[in-house]
Amino acid sequence: MAGKANGSDGGDWSFLADVDNRALNEGFKNFGKFGDRNFTGNNMTLKNCDKWLKEAGVIGKVITTTDTSIAFKQVVGNNDKVITFEKFKTFLFKLALRASKEAPQEEIIKIVEKLQLKLEPSTSGTTSAMKTNVIDRLTDTSKYTGSHKERFDAEGKGRGKEGREDIPSKTGYVTGFNKDAPKSVNK
């Protein structure tokens, strides 16, 4: 790019000699496979490119998702849905041109440095596991009231059917007879 008149192909990365391409490639693979069942290991969709650029802080006021869509289509064409790592570097150069036509090389260095700081995709906004132990809370019998309290003994163990149903003792010869009731005295 340094030797090119317009730098449109993004092929010469000699001015980025101190950039670790392995780290950039690692981030490319990590974000490329994020949420993609058909990931082959050497390509990335526009959605994942945008995710990486957003998380790295590249997309903002100067570079927008509209810019990324336009640059993506310029690099891969209208029919392709994925970009290779080599074409990704050209894509980054096109973004740098959109951000700063006067100094695209300085801009691409900034973009690459930001991308190298964010090599792993995050899962912010997703549902996480509950922090409290639900089982302990639901089986804490000291919190039960009313008829549910009768379902457990003093140690907190379930009493089974005895705790759920009121089983008649069937010890009397008349319905409703209670052998433990005090006897009334006839006068």
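# A walk through the helix packing

Start by selecting α1 and α2, two helices that lie oblique to each other. Oblique is what remains once angles under 35 degrees are called roughly parallel, those over 145 roughly antiparallel and those from 65 to 115 roughly perpendicular. Before you go on, note that this is a predicted model, in which local features need pLDDT of at least 70 and side-chain atom pairs count only at pLDDT 80 or more, while totals for chains, interfaces and linings use all residues. Residues are numbered from 1 along each chain as its sequence is written, and side-chain values use heavy atoms, with hydrogens and water left out.

**Stop 1: the whole chain**

Colour by secondary structure and you should find seven helices and two strands. These are DSSP runs, with helices being H or I over at least four residues and strands E over at least two, numbered from the N terminus. Reading from the N terminus, the order is α-β-α-α-β-α-α-α-α. Buried residues account for 28% of the 187 residues; buried means under 20% relative accessible area, exposed over 50%, and partly exposed in between, using a 1.4 Å probe and protein chains only. Among contacts with a separation of 6 or more, 55% join residues 24 or more positions apart. Contact here means heavy atoms within 4.5 Å.

**Stop 2: α1 against α2**

Now zoom in on residues 21-33 for α1 and 46-56 for α2: the two pack at about 120 degrees, with axes 9 Å apart. Axes are lines fitted to C-alpha atoms, over the stretch in contact for helices, and angles run from 0 to 180 degrees between N-to-C directions. The crossing is right-handed, meaning that the near helix is turned clockwise from the far one by less than a right angle (anticlockwise would be left-handed). Show sticks for Leu24, Gly27, Phe28, Phe31 and Gly32 on the α1 side, and for Asn48, Lys51, Trp52 and Glu55 on the α2 side, where the helices meet. By class, that contact holds four nonpolar, three polar and two charged residues. For this count, Ala, Val, Leu, Ile, Met, Phe, Trp, Tyr, Cys and Pro are nonpolar, Asp, Glu, Lys and Arg are charged, and the others, Gly among them, are polar.

**Stop 3: inside α2**

Stay on α2 and select Asn48, Cys49, Asp50, Trp52, Leu53 and Ala56, which are buried. The buried residues of α2 pack against α1, β1 (43-45), α3 (65-76), β2 (82-84), α4 (85-99) and α5 (104-117). Pick asparagine 48 by itself: its relative accessible area is 2%. Beyond neighbours within four places in sequence, asparagine 48 contacts Phe31, Gly32 and Phe34. Just after α2 you reach glycine 57, with a positive phi near 85 degrees.

**Stop 4: Trp52 and the core**

Next, expand a selection around tryptophan 52. Setting aside residues up to four places away in sequence, tryptophan 52 touches Leu24, Gly27, Phe28, Phe31, Met44, Phe88, Leu115, Lys118 and Leu119. In the largest nonpolar core, which has 29 residues, Trp52, Ile83, Phe88, Phe91, Leu92 and Leu115 touch the most other members. Such a core is a set of buried Ala, Val, Leu, Ile, Met, Phe, Trp, Tyr and Cys residues joined through side-chain atoms within 4.5 Å. Two or more residues come from each of α1, α2, α3, α4 and α5, and α4 gives the largest share, seven residues.

**Stop 5: α4 and its partners**

Which residues join α2 to α4? Cys49, Trp52 and Leu53 of α2 meet Phe88, Phe91, Leu92 and Leu95 of α4. The class count for this contact is seven nonpolar, no polar and no charged residues. These two helices pack at about 55 degrees with axes 13 Å apart, in a right-handed crossing.

Swap α2 for α3: the axes of α3 and α4 come within 9 Å and cross at roughly 135 degrees. The α3 side of the contact includes Ile70, Phe72 and Val75, and the α4 side includes Thr90, Phe91 and Arg98. The classes are seven nonpolar, three polar and four charged residues.

**Stop 6: two last picks**

In α3, select threonine 65, partly exposed at 31% relative accessibility. Outside its neighbours within four places in sequence, threonine 65 contacts Asp50, Lys54 and Ile59.

Finish at serine 142, in the loop between α6 (134-138) and α7 (161-164). Is serine 142 buried or exposed? Serine 142 counts as exposed, at 57% relative accessibility.
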